[in-house]
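Here are some short exercises to work through with the model open beside you. Try each task before reading the solution.

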Amino acid sequence: MRTGACYIRVSTDDQTELSPDTQLLELQKYAKQHDIILNKEFIFIDEGISGKKAKNRPAFQEMIGTAKKKPKPFDVILLWKFSRFARNQEEAIVYKGLLRKDCGIEIISITEPIEDNPFGSLIER
């Protein structure tokens, strides 16, 4: 079994996205189906915040800070969609690289599965 975290973000300008509660329910369902243990302290929610600048998202910054701890507190971060993680492609690349390479933490979008290869990396962007 792996230990997981959830990152949930809802902006104020996109009315088509799922509510934080609905995103959390879907992430919990996915975690259960894939033998991932979710601890309440690793559920990070930024509500009503744009994904353009990571520095303006307190829960995101808390998640990154927590992920850097040794030993690593979780193995995977679950997202509803990659756009919830970041809207800025440059920041997304930096933070995903940090989490994957430096922290050994996998990032999974439960609605946008990607292959672990160069083609998958292109699609993720």
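Buried means under 20% relative accessible area, exposed over 50%, and partly exposed in between (1.4 Å probe, protein chains only). This is a predicted model, in which local features need pLDDT of at least 70 and side-chain atom pairs count only at pLDDT 80 or more, while totals for chains, interfaces and linings use all residues. Residues are numbered from 1 along each chain as its sequence is written, and side-chain values use heavy atoms, with hydrogens and water left out.

**Exercise 1. Salt bridges**

Find how many salt bridges the whole structure holds, and say for Arg 2 which residue is its partner.

Solution.
- Step 1: apply the criterion, a side-chain nitrogen of Lys or Arg within 4 Å of a carboxyl oxygen of Asp or Glu. The search of the whole structure gives three.
- Step 2: look at Arg 2, whose partner is Glu 106, with 2.7 Å between the closest N and O atoms. Arg 2 sits in strand β1 (residues 2-10) and Glu 106 in strand β4 (residues 106-109), so this pair ties together parts 104 residues apart in sequence. Here strands (E, at least two residues) and helices (H or I, at least four) are DSSP runs, numbered from the N terminus.
- Step 3: check accessibility. Glu 106 is partly exposed at 36%, and Arg 2 is partly exposed at 30%.
- Step 4: turn to Lys 29 and Glu 26, whose closest N and O atoms are 3.2 Å apart. The two residues are three apart in helix α1 (residues 20-33), which means that about one helical turn separates them.
- Step 5: add Asp 75 with Lys 72, where the closest N and O atoms are 3.6 Å apart. Asp 75 has a relative accessible area of 24% and Lys 72 one of 36%, so Asp 75 is partly exposed and Lys 72 is partly exposed.

**Exercise 2. Charged residues in helix α4**

Decide whether Lys 96 is buried or exposed, and find the nearest side chain of opposite charge to Glu 91.

Solution.
- Step 1: locate Lys 96 in helix α4 (residues 89-102). Its relative accessible area is 8%, so Lys 96 is buried.
- Step 2: locate Glu 91, which is in α4 too. Glu 91 is buried but has no salt bridge, and the nearest side chain of opposite charge is Arg 57, 4.6 Å away. For this search, Lys and Arg count as positive and Asp and Glu as negative, with His and the chain ends not counted.
- Step 3: list what Glu 91 touches (contact means heavy atoms within 4.5 Å). Leaving out residues up to four places away in sequence, Glu 91 touches Lys 52, Lys 53 and Ala 54.

**Exercise 3. Helix α2 and the core**

Work out which residues of helix α2 are buried, and which element supplies the largest share of the largest nonpolar core.

Solution.
- Step 1: the buried residues of α2 (residues 58-67) are Ala 59, Phe 60, Met 63, Ile 64, Thr 66 and Ala 67. They span an arc of only 165° around the axis, so they lie on the same side of α2. The arc is that of the directions from the helix axis to the C-beta atoms.
- Step 2: see what they pack against, namely β1, β2 (36-47), β3 (76-79), α3 (82-85) and α4.
- Step 3: a nonpolar core is a set of buried Ala, Val, Leu, Ile, Met, Phe, Trp, Tyr and Cys residues joined through side-chain atoms within 4.5 Å. The largest one has 23 residues, and those touching the most other members include Phe 60 and Met 63. Its largest share, five residues, comes from α2.

Note on methods: Contact means heavy atoms within 4.5 Å.
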